[in-house]
Each structure stands twice: as structure tokens, then as C-alpha cells.
Amino acid sequence: MTRAFLVVMDSVGCGGAPDAEDFGDPGANTLAHIAECCTAGLANGQRSGPLRMPNLDRLGLGRAIQLASGATAPGLGAQPEGVWGAATEVSRGKDTPSGHWELAGVPVPWDWHYFPKGESAFPEELSRFVADQAGTDGILGDCHASGTNIIEELGEAHMQSGRPICYTSVDSVFQIAAHEETFGYDRLIALCEAVAPRLHEMRVGRVIARPFVGSADTGFTRTAGRRDFAMLPPSDTLCDVASKAGRRVHAVGKIGDIFSMRGIDDVAKGSDAELMTHLGRLVDEAENGSLTFANFVEFDSLYGHRRDTEGYARALEWFDREIGAVLSRLREGDLMILTADHGNDPTYLGTDHTRERVPVLCAGIGAGEAGLVAFADVAASVAAHLGIDPVGPGKSFLPARA
């Protein structure tokens with residue numbers, strides 16, 4: 001049996017989405033703009049010079065950027081040795097669940113609920129419900145905010161009052177931040193579990209637990225204990241189909257949260273560095289016929305939202321070095337697809353995700369151009385490679401087997 005590894009580089013878009021203007025993102029291009037900044041000397045610091053991603057470029061990264069957007073990314077022009085293309089999303093969202101569900105064969109069939117900007121983001125009855133579930137006399141926040149900024153602003157008030165810090169963003173999310181020691185980690189997780197069904201009824205995609213530690217004197221720091229409570233996909237995803245076919249499904253990163261562990265056998269979490277170790281272990285040890293589905297989130301969470309172009313470039317170069325070693329250990333018959341779920345152009349206005357096409361780079365199946373494909377085609381291609389039932393509306397872009 002063959003194995004498949006689907007690796008999502010969170011937010012690593014390549015521009016050119018035909019509906020980008022509808023989302024307020026005309027011209028956004030995460031990879032091309034980072035490469036341009038690097039070449040112009042605008043992303044020097046802990047790294048310097050042109051963007052260096054030789055391993056992914058050999059798979060076709062530079063060609064994928066050009067195909068998606070028409071942009072030529074400086075330093076990314078190798079002759080492809082993999083199957084390469086660029087994928088376009090149809091779901092009406094530029095968020096984590098929309099991108100991942102569609103990559104797994106299930107475009108989102110509804111419009112997500114987004115909370116308005118203003119003095120109060122949440123309906124009064126929702127705020128009262130959350131406070132009741134928390135056992136407090138109210139909540140803090142009730143606004144659109146950066147997660148790191150709001151804990152600095154309200155961390156001390158939270159510790160003194162016990163009220164949970166509740167905030168949102170332009171994504172369909174309800175986030176609850178609480179101190180691991182004074183509020184309690186287990187209590188935070190229980191609170192998120194209790195309020196998630198109410199938010200899901202509203203078509204809010206995720207309730208996210210955001211634990212933190214520290215004090216007003218030393219500063220506050222978010223911990224690795226984040227938990228996402230996502231809505232269930234409306235139909236079977238690639239994970240479900242693989243599981244029902246008797247295949248092992250391994251999740252790396254936040255994949256388990258995104259799919260509410262449905263169709264998933266086990267999950268490994270940690271920093272991106274730890275996740276790369278887990279991915280390498282699974283390349284060495286995963287069973288014949290298995291699916292490994294991985295997400296590397298720090299491009300997005302640490303650098304894209306913070307508009308840190310140099311940090312994003314550094315993360316891309318780190319990933320390229322590390323994935324090169326993992327790719328070298330693939331077995332004959334293995335397929336690894338590297339792609340993304342949306343963009344987050346660090347050179348763009350604001351702090352939000354950007355609507356973009358994403359690269360699709362395939363190792364283990366020869367060389368060739370897949371062309372412009374759909375997100376759902378990724379799931380169809382993985383299913384075809386594993387020899388399991390087709391999933392979703394997509395079509396396989398893999399070359400015919402000899």
C-alpha cells in the first residue's frame with residue numbers, strides 16, 4: 001500500500017485569487033511580496049538577503065506563484081522536479097476551517113457569522129450566557145482585538161476580577177483568554193466546551209481557548225495550551241473516508257481541533273519545531289496505507305498577523321531546510337502534498353488573513369504541471385493515491401500511474 005502526507009503551511013498564499021477584491025484584498029500575495037522584500041533588503045535581521053527556499057522551489061514553488069498571480073518571485077525560479085500547481089478556494093471565508101475543510105473535500109455550504117466591530121462586539125444575551133457558564137458577574141473585552149495585545153491590556157483586571165477575556169477578529173471566532181493559574185486551565189477548557197454549542201448554532205466557526213501566564217509586572221505570555229472547539233464539517237471529509245476504509249489517520253498540529261477529532265486516530269501537538277519532529281517520525285514509522293494530515297501554524301500566528309515580514313521569511317527558510325530532510329526519507333510510493341489554507345500577506349494593510357490562491361506542491365509522483373486546481377481537488381488526489389473512495393466535488397490532478 002501507498003501512504004499520503006498532506007502538509008498545510010498555514011497562511012502561505014501565492015496571490016491571484018479571482019475574488020480577492022470582494023474580500024478587500026486586491027493585490028495581496030504573501031509569498032511574492034516576502035520574496036520581493038527580501039531581495040530589496042527589507043527583511044534583514046536574524047536572516048538577510050534573497051529568500052532562500054531551494055527544496056520547495058525544486059518542487060515548483062516559484063512556478064506555482066507565477067501561475068497563481070502572474071508574479072515572478074525573486075530567487076524562486078528552479079526547474080520543477082515535482083508536480084506543481086495552485087489552488088483556488090470557493091468557500092466564502094478566508095479562515096482556518098474553510099480552508100482545511102475544503103482541502104479535505106468539503107467546501108463550506110453556508111456563510112459564517114462574523115461579529116461586528118464597535119463598542120460591543122457580542123449580543124448582551126451571549127455575554128450573559130458566557131458569564132453564567134464561567135460563574136462570574138460579567139466578561140472583559142467584548143471587542144475585536146489582537147490576542148497578544150488584549151492580554152497585556154486586560155490581564156491584570158482579569159486576575160483581579162476573575163472575569164474571562166472574550167474577544168473576536170474578522171474571522172468567525174469567539175476567543176476566551178484566561179490565566180492558567182488564577183482562573184485555571186481546566187476551568188477555561190470546560191468553559192469553552194460549555195459555550196461552544198451556543199456559538200456553533202450562530203454559525204460561529206470556532207471557540208478558541210487562549211490560556212496565558214505571567215503578571216502585570218513581568219508581562220503576560222500565551223502558552224501552548226490553546227484548544228479550538230470547531231463546528232463539525234457538514235459531511236464526511238477525507239479523514240472520515242480514510243478512516244472508514246480502515247486506514248490510520250494521524251493528525252499533526254491543530255488538525256484534530258479543526259475536524260473535532262472526527263475520522264482521526266491520534267494527534268501530536270507542539271511548536272512548529274516539535275511538529276516537524278512529529279512529521280519526520282511519521283514519515284519513518286506511519287503504517288502502509290495511512291494518511292498523515294499536518295498543519296504548521298506559526299507562519300500565520302507569529303508573523304502574518306503581526307505583519308512581521310522578516311520573521312515570516314525566517315520561518316519560511318527554516319521550514320524549507322527542515323522539510324528537505326523529511327522529503328529525503330519518503331518511501332517509494334509515498335505522496336506528500338504541501339499546500340496552504342489561505343494567505344496572510346505581512347506587507348498588506350491591517351492584521352487579517354488575505355484572500356489568495358495557494359501553492360500545491362507534490363513530491364513522490366514525478367514531475368509535471370497540475371495547473372490551476374480547486375482546493376477540493378487536493379482531497380480527491382489524496383484519495384486516488386490511497387485507493388479509497390472519492391470524497392467531495394474535486395477531481396484528482398495526479399498523473400496516471402504506469
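A residue is taken as buried when its relative accessible area is under 20%. In this predicted model, Asn29 has a relative accessible area of 5% and is therefore classed as buried. Asn29 is located in the loop that connects strand S1 (4–9) and helix H1 (30–39). Two polar partners of its side chain were examined. The side chain of Ser69 makes a polar contact with that of Asn29 at 2.9 Å, and a polar atom of the Asn29 side chain lies 3.3 Å from the backbone oxygen of Cys14. When neighbours within four places in sequence are left aside, the residues in contact with Asn29 are Gly13, Cys14, Gly15, Ile65, Ser69, Ala71, Asp345 and Glu356.

Asn29 falls within residues 3–389, the range given to the annotation "domain: Metalloenzyme" in an unreviewed UniProt entry. Helix accounts for 37% of this span and strand for 20%. The C-alpha atoms at the ends of the span, residues 3 and 389, are 15 Å apart.

Helix H6, comprising residues 147–161, also belongs to the annotated range. A bend of about 55° occurs in H6 at Leu154. The buried residues of this helix include Gly147, Ile150, Ile151, Gly155 and His158. In an α-helix, residues three or four places apart point the same way, because there are 3.6 residues a turn. The cover over the buried residues of H6 includes strands S3 (140–144), S4 (165–168), S5 (173–179), S6 (206–215) and S7 (219–222), together with helix H7 (180–201). Gly162, just after H6, adopts a positive phi of about 80°.

Key:
Residues numbered from 1 in each chain as written. Predicted model: local features only at pLDDT ≥ 70, side-chain atom pairs only at ≥ 80, totals over all residues. Heavy atoms only, no water. UniProt positions renumbered as here; feature names shortened; annotations may be inferred. Helix = DSSP H or I, 4+ residues; strand = E, 2+ residues; numbered from the N terminus. Bend = angle between axes of the 7 residues up to and from the residue. Buried < 20%, exposed > 50% of the residue type's maximum accessible area, 1.4 Å probe, protein only. Contact = heavy atoms within 4.5 Å. Polar contact = N/O pair within 3.5 Å; in protein donor to acceptor, adjacent residues only side chain to side chain.
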